[in-house]
Amino acid sequence: MTQAGGSEAPKDASSSVMAQHEAMLQALPFADTADFDDAARGFIGSIDHATISSAQGRVVWSLEPYGFLADTEAPATVNPSLWRQSRLNMQHGLFEVVPGVYQVRGLDIANMTLIEGERGVIVVDTLTSIEGARAAMELYVRHRGQRPVAAVIFTHTHTDHWGGARGVLDEDALAGGRVPIIAPNLFMEHAVSENIIAGPAMLRRAQYQFGPFLAKGARGQVDCGLGKSMAAGSVALLRPTDLIMATGDRRVIDGVAFEFQMAPNSEAPAEMHFYIPRFGLLNLAENCTHNFHNLLPFRGADVRDALAWSKYLGEALQLWGGKADAMCGQHHWPVWGRERIDTMIRQQRDLYKFAHDQTIRLMNHGLTATEIAETIRLPKSLEGAWHARGYYGHIRHNVKAIYQKYLGWYDANPVNLDPLPPVEAGRKYVEYMGGSEAILARAKTDFAKGELRFVAQALSHLVFAEPDNQAARELLADTLEQLGYAAESATWRNAYLFGAQELRQGMPKAPPRPSMPRETLAALRTEQLWDVLGVRLNGPKAEGKHIVLNWSFTDTQESFVLTLENCALTSIAGVQAPDADASFTLARGTLDEVIAKQTSFPQAVVAGRIKASGNPVRLAELMELMDEFPRMFEIVEPKRTAVT
């Protein structure tokens with residue numbers, strides 16, 4: 001059996017974890033291999049190891065490090081259900097869905113769908129990176145021949161579905177504006193705004209969700225549930241030219257008729273589905289994938305609406321049930337056959353409805369989020385459906401998201417209304433429990449019994465009280481590691497294992513975060529830029545300050561007054577303050593260049609691109625009050641640097 005403590009190296013699986021794996025092998029239908037047949041069906045060709053490099057030679061995507069997944073039998077350090085999903089996500093290349101419809105899978109966490117029209121090809125979702133999208137298009141052309149891009153469709157607002165658009169459309173196509181870019185209504189409003197305000201915190205938390213700093217291997221990162229990992233590479237946002245406004249909207253694109261269904265506030269704030277009668281093809285974007293999706297990803301987001309999600313799937317059945325011969329999404333592999341397709345949609349519909357309704361039922365009986373997660377169980381008809389397993393989302397954390405959506409963070413127990421923060425609470429717990437040695441002794445005993453969840457809770461208090469207690473750090477790392485080995489959810493595994501790694505090795509060294517790309521900045525409304533500036537304002541430093549600045553943008557014909565008062569930065573559109581400290585006239589594009597660090601404010605003034613009046617030093621005073629957010633900050637241990 002695994003002994004806790006004593007090394008930075010990953011350990012073997014404990015006997016309690018191996019017993020959990022054996023129970024899962026007996027409980028789930030591992031003899032059902034239909035998914036493997038579907039994932040391989042229609043294969044045409046691929047790139048060696050799905051390896052993609054940038055122009056500078058940096059590898060931005062590769063499946064070569066995942067070669068260990070060739071073994072059919074799961075090792076003791078990986079949940080066997082997750083191992084199965086991880087192997088399915090190893091399929092990569094160009095695949096035929098039906099004649100005339102193709103997918104590139106496994107060159108990114110997301111899929112690119114290619115639909116051949118009368119003269120060209122319609123590209124649905126352009127992957128995360130420009131390099132990945134370019135490689136996907138080259139693979140398609142190699143096997144299907146050169147066809148002009150007739151249109152680009154973005155199914156929804158997450159970066160892995162639009163970030164590579166410039167790898168699909170060249171400068172000539174963009175300059176001529178001849179290629180329509182089609183997206184759901186409010187696409188631009190949500191494409192960058194969902195993570196622009198809290199972006200620094202989200203990106204750090206995403207390291208725990210996706211595990212990019214974990215070694216690939218049977219004791220490390222094996223998958224993300226939706227696919228292997230997030231791609232690196234260059235990202236740029238292109239503005240849609242045609243918005244789908246309502247369910248029932250239709251388009252004929254390069255001779256191919258599309259029927260659209262809107263699905264806002266489901267997996268993404270702006271999302272849509274479509275059906276193509278010519279091909280009998282249904283695409284439900286990311287709302288009907290081969291796993292239980294996230295209602296609240298670990299990186300952070302607005303809680304997704306499980307009830308609306310379920311209703312959209314029910315509406316899709318009403319619209320197209322019994323019609324589709326093939327269903328492909330923008331993650332995972334397709335499903336063929338009308339009965340199988342309708343069954344999967346029904347089960348996914350009922351998965352989200354069950355989670356929603358039963359959470360609310362138990363909530364209305366007075367159970368808290370934690371108690372609901374401990375109580376709820378999927379019905380057997382869904383428990384045994386592979387596509388309903390919690391590889392990305394999970395029933396145990398999705399129900400907590402539903403609780404949060406309706407009732408928020410507070411469970412109504414006044415004990416939890418104003419608890420001590422982790423360091424102060426940790427010190428008192430250690431004192432009450434008889435000191436660190438007593439905690440460690442009990443924790444080792446319970447670790448051996450497999451009582452890992454409480455061991456982790458108790459040891460976390462000790463680490464926050466005594467962050468340099470090496471024995472506590474090692475035992476907590478060992479405990480999180482075993483929880484990771486046991487986890488069926490890829491995101492749970494990544495979070496547990498990365499927490500263990502940081503306890504053993506500290507935070508990874510990461511280069512400073514690059515400036516926001518100008519294309520992304522250009523996609524933001526000016527009000528959003530002021531909001532981003534506002535959350536960088538250091539309130540304590542701004543105490544007693546009062547600054548008023550006028551802004552006039554010559555290209556957008558906008559005007560604003562920006563005011564610092566009461567330690568808050570506010571903006572009003574369409575007005576100018578007569579008593580402003582300074583006024584600035586410039587193109588909005590110039591401001592974007594300054595923020596993207598392609599030029600500086602003084603350089604733009606000298607070049608005559610910014611006209612200033614009044615006391616422009618007041619702007620410099622304002623900028624001195626702004627925080628620069630770190631790329632890394634402590635999560636499983638106390639903050640080493642005080643934040644005020």
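Biologist: What makes both faces of S7 covered?

Modeller: In this predicted model, Val121 and Val123 on one side of S7 and Ile122 and Val124 on the other are all buried. Buried means under 20% relative accessible area, so each side of S7 is lined by residues that meet this cut-off. In a regular strand the side chains alternate between the two faces of the sheet.

Biologist: How do you know that S7 pairs with S6 and with S8?

Modeller: Two strands pair if at least two bridges are found between them. Four bridges join S6 to S7, and four join S7 to S8, so both cases satisfy the criterion. S6 and S7 run antiparallel, with Ile122 in S7 as the bridge partner of Ile115, and a hairpin of four residues connects the two strands. S7 and S8 run parallel, and Val121 stands opposite Val149 in S8.

Biologist: Why are S1 and S10 said to stand at the edges?

Modeller: The open sheet has eight strands in the order S1-S4-S5-S6-S7-S8-S9-S10, with mixed pairing. Strand S1 (43-45) and strand S10 (242-244) each have a single partner strand, so one side of each is left without a neighbour in the sheet. Neighbouring strands are turned by 25° against each other on average, direction ignored.

Biologist: What makes S4 and S5 a pair, and which residue in S5 is the bridge partner of Glu96?

Modeller: Five bridges join S4 (residues 93-98) to S5 (residues 101-105), and because a pair needs at least two, the criterion is satisfied. The two strands run antiparallel, and Tyr102 is the partner of Glu96.

Biologist: Which helix lies across S6, and at what angle?

Modeller: Helix H4 (residues 130-144) runs at about 40° to S6 (112-116) and also lies across S1, S4, S5, S7 and S8.

Biologist: Why are H13 and H15 called roughly perpendicular?

Modeller: Helix H13 (residues 422-432) and helix H15 (residues 452-465) pack at an angle of about 110°, with their axes 7 Å apart. Angles of 65 to 115 degrees count as roughly perpendicular, and the pair is therefore placed in that class. Their contact has seven nonpolar, two polar and one charged residues. The crossing is left-handed.

Biologist: How do you know whether Arg299 is buried or exposed?

Modeller: Arg299 has a relative accessible area of 15%; the cut-off for buried is under 20%, so Arg299 is buried. Arg299 is found in the loop between strand S14 (281-283) and helix H8 (306-320), and the residues it touches include His158, Glu194, Met202 and Arg205.

Key. Residues numbered from 1 in each chain as written. Predicted model: local features only at pLDDT ≥ 70, side-chain atom pairs only at ≥ 80, totals over all residues. Heavy atoms only, no water. Axes fitted to C-alpha atoms, helices over the stretch in contact; angles between N-to-C directions. Contact = heavy atoms within 4.5 Å. Parallel < 35°, antiparallel > 145°, perpendicular 65-115°, else oblique. Left-handed = near helix turned anticlockwise from the far one by under 90°. Nonpolar A, V, L, I, M, F, W, Y, C, P; charged D, E, K, R; others polar. Buried < 20%, exposed > 50% of the residue type's maximum accessible area, 1.4 Å probe, protein only. Lists of a residue's contacts leave out its neighbours within four places in sequence.
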